[in-house]
Amino acid sequence: MALANDTIKTRLTQKFGEALSQWEEPYGMLTFTAPKDLNLKILQFLFDEEELRFRFLTDLQAVHYPNDKGRELAVVYHLHNLVDNVRIRFKVFADIEKPDVFSATALYQSANWMERETFDFFGVNFIGHPNLIRVLNVEEMDYFPMRKQYPLEDQSRVDKDDDMFGR
Amino acid sequence: MTDKTTDHIALPEGSIEKKTNTLNLGPTHPATHGVFQNVLEMDGERIISATSTVGYIHRAFEKIAERRPLYQIQPLTDRLNYCSSPLNNIGWQLTCEKLLGIKTPKRVDYLRVIIMELARISDHLICNSIVGVDSGAYTGFLYVMQYREMIYEIYEEVCGARLTTNIGRIGGFERNFTPKAWKRLEDFLDEKTGYPAQLREFENLFTRNRIFMDRTIGCGPISAERALNYGFTGPNLRAAGVDYDVRVHTPYSSYQDFDFTIPVGTTGDCYDRFLVRNQEMWQSLHILKQAYKKIQEFKGAEAEVYHADSPEFYLPDKKDVYTKMEALIYHFKIIMGETEMPKGEVYNSIEGANGELGYYLISDGGRTPYRLHFRRPCFIYYQAYPELIKGGMLSDAVITMSSLNLIAGELDA
C-alpha cells in the first residue's frame, strides 16, 4: 500500500507537533516548512522511521526572498522514499544576516556538493560541513551571485558601447 | 606523511621528501573527455587520494533563466547534457506543462517517446564506446559512431538541428514528423542493416572479450547502499543493483503504455555499468518499435496531431498570424515573453541518459521563473569519484570516469 500524504503528515505532526507549518500539496507533492534548528532532526526521523523511509536525498537548494525580512533564505530539501515511491519537500528559512543551517552531510554523502553549491550561490553557511568552499565559481569571488540583489544585465541599457558586438 | 598506505616506502632518516607524488589530471587531458580536473596523490601508480575540481565551464544558467520566458529557457537546457539534448528539452517542456496544466494528446506523447529513446541510445552508445576507447579498443567506437549520425539525421529532419537540438515546444512539436523522418527511423530500426545488427556486433566485440573483462570487472565498484547515499541515479545506480527508473516509478509522457524491463547489475563496477547501458539500448529499441507501431495506429485527424491545444503558449500557424487577429495577439505575446504563468512551485523529473534529471521551478505569477534549479545527475554522483578510484591504478581511474558518463556541460550547468 502506497504511503499517503496524510499518513506522512500525521506521523510528522505526532513527532514535532506545531513546529511544522504551512502544509501544502502543490502538484501532489507534500510540502511543509520547519524551523531551521529542526532540519537534521526531521531528516533523521524521516530516514529512520520504518513506515516513512525517506532515504534518498533527491535535491537540495536555496531560494532568496528579499522581501521576507528575517527569513530571506529558504533551503529546500527534496526527499524520496524509493520503496513506496513518494516524494516530499520541506523548507527551512534563515536570516540573511546570519544564514546558519545545520549540514546534512553526516546523513547523506550526496549533500556535500549540493550544500557547497548552495553556499556558493546563496551564502548559506552549513554548520558541520566538512569542506564548505565554493564549488562552481572561482574561489576569489566575494559575493553570492544568485541572490536577488544581483540582477542580470538590463537588455535595454543604452550606456554601453556595443558596436563591437553587433547588437 | 603518516598515511599507512605509504609506510612501505623507506626514506633516509630526516628526509623532508614526500613519499607520494602529486599528479594533476586535467582540466585538459586527452583521457578525461571534457573539462575535469583531479588532483591525485599517487604512490607509484596507485591512487591514494583524489580531489576533484569542477566549474570550468559554469555558465550560470539558473541565473540567466530568471530573466527569460519559459520558451527561451529551452535552448539553455540543450547545453546541459549535450550528448542527449532532446531529453533535456522534453524534460523542460514536461515541467512547464505540469506548471501550466497543459494536457498533451497521446500522439504527442508517443512522438516524444521516440525522440527521447533515440536520445538515450545516442548517449549510451557514446558512453559505452568511449569506455572501449579508454580500455584500448578503438574499433567499437568507430562502428557505432555512424549510427549516432543516423539518429542526428532524424533530429535534423524533425527540428533542423543536430547537437543542441532545441527540439519540440511547450505543448508538442513545432511541426509534424515528415515521411523522410519516418523512413530514417525505419532504416535505423532495421534488424539486418540498422542499429540492432550493429549493436549485436558491438556486443560481440566487447561483452565476452577477455581483455575488456579483465580491465573493467572490479574496477570502480560501488555498493547499492553507498550509491544511494551518494545520490546515484540512472544506469550507474541500476548497475549497483537498485531498480530505480523514473520512467517506471513516475511515468511521464505515457511511458506506462510501453512494455520494457529495467536491467540491473550487481557489483556497480565498470563492467556492470557497461552491461546495463547495453541492455538499456536494447530496451530503448524495443520501446521505439512499440511507439512506431502505436503511431501508425492513429487514423484520420488524430494521425495529424503533433501539439496540444494551448494557444497561450504554443505559437499559432504563420498563415493564421497573417489573417486572424487572435493568432496575431498570441504570436506577439509569446514572442515578446509577455504571457504570465500561474503561481506555484513544481518539481518534475525525467529519466535522463545518466540519471534523474530534475527541474525545480518556482513561479511567483510573473513572466519569468522566480527560481529555477536543475537537478543535474552527474553533479551529484561525481562526488563519489574519489571514493571509487581510491586504491586503484591511474588507468582504472580513467576508465571509471568514462564509464560514469560524466558530461562537463551538465556537471557545471
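These are my notebook entries on a predicted model with chains A and B.

**Chain A, overall**

I started with the secondary structure of chain A. It comes to three helices and seven strands. Read from the N terminus, the order is α-β-β-α-β-β-β-β-α-β. I then took the extent along the principal axes. The C-alpha atoms of chain A fill a box of roughly 65 × 35 × 30 Å. Chain A has 167 residues, and 37% of them count as buried. I also looked at contact range in chain A. Among contacts with a separation of 6 or more, 49% join residues 24 or more positions apart.

**Strand β3 of chain A**

Next I looked up β3(A). I found it mostly covered, with nine of its nine residues buried. I checked its pairing with β4(A). The two strands are antiparallel and share eight bridges. For one register point I took A:Leu57, which stands opposite A:Leu79 in β4(A).

**Helix α2 of chain A**

Which residues of α2(A) are buried? In this helix, residues 39-48, I listed A:Asn39, A:Ile42, A:Leu43 and A:Leu46. Looking down the axis of α2(A), I saw its buried residues fall within an arc of 100°, so they line one face of the helix. I then asked what covers these residues. The cover includes helix α1 (5-16) and the strands β2 (30-34), β4 (73-81), β5 (86-94) and β6 (100-102), which belong to chain A.

**The A–B interface**

I counted the contacts between the chains. On the chain A side 26 residues take part, and they meet 29 residues of chain B. Two elements of chain A, β3 (56-64) and α3 (111-122), each supply at least two residues to the side that touches chain B. Which element gives the most to that side? The answer is β3(A), with six residues. I sorted the chain A side by class as well: 15 residues are nonpolar, eight are polar and three are charged.

**The largest nonpolar core**

I moved on to the largest nonpolar core. It holds 152 residues, and A:Val75, A:Val124 and B:Ile115 touch the most other members. Helix α4 of chain B, residues 106-134, gives the largest share, 14 residues. Domain 1 (4-53) and domain 2 (61-412) of chain B both contribute residues, so this core lies between them. I noted the general background here: in soluble globular proteins, nonpolar side chains tend to be buried together.

I followed up A:Val75. With its neighbours within four places in sequence left aside, A:Val75 is in contact with A:Ala62, A:Lys91, A:Val92, A:Ala94, A:Val101, A:Thr118 and A:Val124.

**Domains of chain B**

I looked up the domain split of chain B. Domain 1 covers 4-53 and domain 2 covers 61-412. Their centres, taken over C-alpha atoms, are separated by 36 Å. At the boundary, 13 residues of domain 1 are in contact with 18 residues of domain 2. The domain 1 side of that boundary divides into five nonpolar, six polar and two charged residues.

**Strand β6 of chain B**

I took β6(B), residues 371-375. It is mostly covered, and five of its five residues are buried. I checked each face. One side carries B:Arg371, B:His373 and B:Arg375, the other B:Leu372 and B:Phe374, and all are buried. The split fits a general pattern: in a regular strand the side chains alternate between the two faces of the sheet. Strand β5 of chain B, residues 355-363, is joined to β6(B) by five bridges, and the two run antiparallel. B:Tyr359 has B:Phe374 in β6(B) as its bridge partner.

**B:Gln290 and B:Asp259**

Last, I examined two residues of chain B. B:Gln290 sits in helix α12, residues 270-297. B:Gln290 has 18 C-beta neighbours inside 10 Å, and buried would need 20 or more, so this residue counts as partly exposed. Leaving aside neighbours within four places in sequence, I found B:Gln290 in contact with B:Phe258 and B:Asp259. I also took the distance from B:Gln290 to B:Tyr110. They are 180 residues apart in sequence, and 9.4 Å apart C-alpha to C-alpha.

Where is B:Asp259? I placed B:Asp259 in the loop between α11 (246-249) and α12 of chain B. Is B:Asp259 buried or exposed? It is exposed, because only 12 or fewer C-beta atoms are allowed for that class and B:Asp259 has 8 others within 10 Å. From B:Asp259 to B:Lys192 I took 23 Å, C-alpha to C-alpha, at 67 residues apart in sequence.

Notes
Residues are numbered from 1 along each chain as its sequence is written. Chains are lettered from A and ligands numbered from 1 in the order in which they are written. This is a predicted model: local features need pLDDT of at least 70, side-chain atom pairs count only at pLDDT 80 or more; totals for chains, interfaces and linings use all residues. Two residues are in contact if their C-beta atoms, placed from the backbone, lie within 7 Å. Helices (H or I, at least four residues) and strands (E, at least two) are DSSP runs, numbered from the N terminus. Ala, Val, Leu, Ile, Met, Phe, Trp, Tyr, Cys and Pro count as nonpolar, Asp, Glu, Lys and Arg as charged, and the others, Gly among them, as polar. The arc is that of the directions from the helix axis to the C-beta atoms. A nonpolar core is a set of buried Ala, Val, Leu, Ile, Met, Phe, Trp, Tyr and Cys residues joined through C-beta atoms within 7 Å. Domain bounds come from an automatic or database domain assignment. Two strands pair if DSSP finds at least two bridges between them.
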